[in-house]
Amino acid sequence: DAEECGAAAFHFRRCCKLNILVTGGAGFIGSHLVRHLLAKGEKVTALDNLSTGLAENLPPEAKLVEMDILDEELPKVVAAGAFDAIVHLAAQTMVDTSIKDPLLDTRENLLGTVHVLEAARAANVKRVIFASTAAVYGDVKEDDLPVREAQPTEPMSFYGLSKLSVEKYLEMYRKIYGMEYVVLRFANVYGERQGDGGEGGVISIFAKAVAEGRDITIYGDGEQTRDFVYAGDIAEGILAALRTEEVNAAYNLSTQTETSLRELVSLLAEICGREIVPKYGAEREGDIYKSMLSNSRARRGLDWQPATTLAEGLRRTYEYFCGKCEG
């Protein structure tokens, strides 16, 4: 089995061009990935129901199929595309939404993914890359930071649980059907085109508010930390996962650096050149307090490491939202 797996992976590594389907391809991370893959000469199709993604997020040369991953026509699209790999990004991504509506989270994240996997199996897609999350680990003790992939998984939200459940499904699909996979557990991703609604992250919320001259609110004491990783670096990590020989494993994609929300606000103030005085609100249910992921396995197995500093990525994000205001 290991020899067979290695041979398949080698095909991906030496193939001059891959034909890739990106679910959620018009979304925040998806749009970064599609642009990155096109720039590398890969053949890409984005599939998105445009509930949170936008067609305008994609460059004109990108192929877009407007469809939900639970659509009964999905298997036909996957079969007709003759894809080498699927990068599965389409998901419900909000912790608080998952707690308010577990059924919605289960339908989109678990049932939706199984539908994608069944379509992939029927079409004999060689590899599936799955976007997982740091939320699968739960609230890890500070002594155990940075979190490594072998850390026990104890999610605190249905969002984290649904993502972890998909990871188990991928393991089972490999065992029963021989489907090759790579799980990527993202830290807190940020960058241009990030929404402040369904896909919102704290950086996009803060940067957009400051660009528009509005107040920002920190939920909690501001000392909670996150591992902020730029979307362009995530796109490069996904490409590495498409090409790696080290498959059927989970990898953290992170900067392995903790940044508190207070530090984030201070850095944003330096970038925009004015004082920012945040308001404070009650801590939100399901949010973890401290987060930092080890990226040592990704450095070894994917030959990947982040290249964008927080200051540079935050500047790009802030300028993007300033441009939206001017537009």
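**Strand β1, its partners and a nonpolar surface patch**

Val 22 stands opposite Val 87 in strand β4. The structure is a predicted model, in which local features need pLDDT of at least 70, side-chain atom pairs count only at pLDDT 80 or more, and totals for chains, interfaces and linings use all residues. Residues are numbered from 1 along each chain as its sequence is written, and side-chain values use heavy atoms, with hydrogens and water left out.

A good place to start is β1 (residues 19-23); strands here are DSSP E runs of at least two residues, and helices are H or I runs of at least four, numbered from the N terminus. β1 pairs with β4 (residues 85-88) in the parallel sense over four bridges, where pairing requires that DSSP finds at least two bridges between two strands. With β2 (residues 43-48), β1 also pairs in the parallel sense, over five bridges; there, Ala 46 is the bridge partner of Val 22.

Five of the five residues of β1 are buried (under 20% relative accessible area, with exposed meaning over 50% and partly exposed in between; 1.4 Å probe, protein chains only). Asn 19, Leu 21 and Thr 23 lie on one side, Ile 20 and Val 22 on the other, and both faces are covered.

Next comes the surface. Ile 176, in helix α6 (residues 158-177), is exposed, with a relative accessible area of 55%. Together with Met 172 and Tyr 177, Ile 176 forms a nonpolar patch with about 320 Å² of accessible area (Shrake-Rupley method, 1.4 Å probe; for residues, only the protein chains shown count as cover). Patch residues have over 30% relative accessible area and no salt bridge, with nonpolar side chains (Val, Leu, Ile, Met, Phe, Trp, Tyr) joined within 5 Å and like charges within 9 Å; a salt bridge is a side-chain nitrogen of Lys or Arg within 4 Å of a carboxyl oxygen of Asp or Glu.
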